[in-house]
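Here are my notes on this one, as numbered points. Have a look at the model first, then read on.

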Amino acid sequence: QDSPLKAVQMLWVNLIMDTFASLALATEPPTEALLLRKPYGRNKPLISRTMMKNILGHAVYQLTLIFTLLFVGEELGQAHCSAHKQLGC
């Protein structure tokens, strides 16, 4: 059987996934307190409450914007065009 991904495609996927992980690690500056803190427990949640609130809040914002543009975007564009026609631009 032939593999669904070729070797070069696997390397690209690996490169892209590792890039995002390294960018995530690079955003927090290494302070002395960070280096000396104890590791989190094995049973601690991976996503904290604050992170979940931020994720859900951003998802709601993005969905609102996308659905607004999807359902009202054409009307907004026509209003812009009709305003230009009335002004003679």
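1. One term before anything else: a residue is called buried when its relative accessible area is under 20%, exposed when that area is over 50%, and partly exposed in between. By that yardstick, buried residues account for 0% of the 89 residues in the protein. Do bear in mind that we're looking at a predicted model.

2. On the fold, there isn't much to untangle: the protein has three helices and zero strands. Going along the sequence, the pattern reads α-α-α.

3. Now the UniProt record. The entry, which is unreviewed, gives residues 55-73 as "transmembrane region". In the model that span is 100% helix and 0% strand, and its end C-alpha atoms sit 25 Å apart.

4. How many aromatic pairs turn up in the whole structure? The search comes back with one. The partners are phenylalanine 67 and phenylalanine 71, stacked at 6.1 Å centre to centre with 20 degrees between the planes. That angle counts as stacked because the planes are under 30 degrees apart. Both residues belong to helix H3 (residues 49-87), where they are four residues apart, or about one turn of the helix.

5. Are those two rings buried or exposed? Phenylalanine 67 has 44% relative accessibility, so it is classed as partly exposed. Phenylalanine 71, with a relative accessible area of 61%, is exposed.

6. Next, the largest pocket, with a volume of about 160 Å³. Its lining consists of Tyr40, Gly41, Lys44, Pro45, Leu46, Ser48 and Met51. Sorted by type, the lining residues come out as four nonpolar, two polar and one charged.

7. Last point, on a residue from that lining: Tyr40 helps line the largest pocket, and arginine 37 lies over the face of tyrosine 40, at 4.3 Å from the ring centre.

Notes:
Residues numbered from 1 in each chain as written. Predicted model: local features only at pLDDT ≥ 70, side-chain atom pairs only at ≥ 80, totals over all residues. Heavy atoms only, no water. 1 Å grid on protein atoms, 1.4 Å probe; cavity = no way out; pocket = protein on both sides within 12 Å on 5 of 7 lines; lining within 4 Å. Points joined across faces, edges and corners; volume = space filled by probe spheres on them. Nonpolar A, V, L, I, M, F, W, Y, C, P; charged D, E, K, R; others polar. Phe/Tyr/Trp six-rings, centres within 6.5 Å; stacked < 30°, edge-to-face > 60°. Helix = DSSP H or I, 4+ residues; strand = E, 2+ residues; numbered from the N terminus. Buried < 20%, exposed > 50% of the residue type's maximum accessible area, 1.4 Å probe, protein only. Lys NZ or Arg CZ within 6 Å of the ring centre and 35° of its normal. UniProt positions renumbered as here; feature names shortened; annotations may be inferred.
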